[in-house]
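Reader: Please show me the structure, and then guide me through its sheets and charged pairs.

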Amino acid sequence: SHFSEGECFPCPQEGCPMMGHYADRFPAKLKRINQKYFLNTAADPPFTSWRQRVFIKLSGVKKTRGDINLVFHDKEGNRKEYQITSGILSQDEIYTKYLDVEINPKLVKKVEFLWIKTPFTLLWARLGADTVNITHGEDGHR
């Protein structure tokens with residue numbers, strides 16, 4: 001089969017058909033026949049991921065470089081790290097990203113904010129988060 005030979009990607013130019021949440025937002029794809037559908041899953045059992053909207057406003061140095069990552073920790077000791085942005089970071093910039101997090105929001109114990117400096121960053125440079133909002137689920141709970 002094509003699937004077992006790894007011939008299902010990349011998706012066609014108009015994008016992969018969606019299934020599950022938000023599938024109804026792609027009505028043109030419903031009109032096609034003999035379609036193949038793919039479902040993105042997490043890497044580890046139970047293969048579930050939870051869509052999170054991350055909103056971060058930085059504080060500290062006016063401009064610097066590096067990566068901003070968030071690390072999600074759950075009550076069972078699992079830890080997953082996700083990159084929010086990379087490159088030039090600005091103090092008043094607002095960074096918004098949708099993440100498919102592999103840790104159930106109900107089991108999250110803490111979320112860690114990481115600034116990974118590029119090698120040439122000034123030693124005294126400080127960067128933090130003025131605001132971090134994480135919204136998940138249909139009901140928009142934080």
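The exchange below takes up the sheets, the salt bridges and one residue in turn.

Reader: What kind of model is this, and from which number are residues counted along each chain?

Author: This is a predicted model, in which local features need pLDDT of at least 70, side-chain atom pairs count only at pLDDT 80 or more, and totals for chains, interfaces and linings use all residues. Side-chain values use heavy atoms, with hydrogens and water left out, and residues along each chain, as its sequence is written, are numbered from 1.

Reader: In what order do the three strands of the sheet that contains β2 stand?

Author: Strands are DSSP runs (E, at least two residues), numbered from the N terminus, and two of them pair if DSSP finds at least two bridges between them. In this open sheet the pairing is antiparallel, and the order is β3-β2-β5.

Reader: Why is one side of β3 and of β5 left without a neighbour in the sheet?

Author: The order of the open sheet is β3-β2-β5. Strands β3 (79-90) and β5 (108-117) stand at its edges, so the reason is that each has a single partner strand.

Reader: Which residue in β5 stands opposite Gly66?

Author: Strand β2 (residues 63-74) runs antiparallel to β5, and nine bridges join the two. Opposite Gly66, in β5, stands Lys117.

Reader: By how many degrees are neighbouring strands turned on average in the sheet β4-β1-β6?

Author: This is an open sheet of three strands with antiparallel pairing, and its edge strands, β4 and β6, each pair on one side only. Angles are taken between axes, which are lines fitted to C-alpha atoms, and run from 0 to 180 degrees between N-to-C directions. With direction ignored, the average turn between neighbouring strands of this sheet is 25 degrees.

Reader: Which residue of β6 is the bridge partner of Phe55?

Author: Strands β1 and β6 pair in the antiparallel sense over nine bridges. In β6, the partner of Phe55 is Asn133.

Reader: How many salt bridges does a search of the whole structure find?

Author: Side chains of opposite charge can pair when their charged atoms come close. A salt bridge here is a side-chain nitrogen of Lys or Arg within 4 Å of a carboxyl oxygen of Asp or Glu. By that rule, the number found in the whole structure is four.

Reader: How many residues apart in sequence are the parts tied together by Asp100 and Arg51?

Author: Asp100 forms a salt bridge with Arg51, with 2.7 Å between the closest N and O atoms. Because Asp100 lies in strand β4 (residues 94-101) and Arg51 in strand β1 (residues 50-60), the pair ties together parts whose separation in sequence is 49 residues.

Reader: Where does the salt-bridge partner of Lys57 lie?

Author: The side chains of Lys57 and Asp130 meet in a salt bridge at 3.6 Å, N to O. This pair links distant parts of the chain, 73 residues apart: Lys57 is in strand β1, and Asp130 is in strand β6 (residues 127-136).

Reader: What is the relative accessibility of Arg79, which meets Glu81 in a salt bridge?

Author: The side chains of Arg79 and Glu81 meet at 3.2 Å, N to O. Partly exposed denotes a relative accessible area between the limits for buried (under 20%) and exposed (over 50%), with a 1.4 Å probe and protein chains only. Glu81 counts as partly exposed at 35%, and Arg79 counts as partly exposed at 47%.

Reader: Is Thr64 buried or exposed?

Author: Thr64 has its place in strand β2. Leaving aside residues up to four places away in sequence, Thr64 touches (heavy atoms within 4.5 Å) several residues, including Ile88, Trp115 and Leu127. With a relative accessible area of 10%, Thr64 is buried.

Methods:
Helix = DSSP H or I, 4+ residues; strand = E, 2+ residues; numbered from the N terminus.
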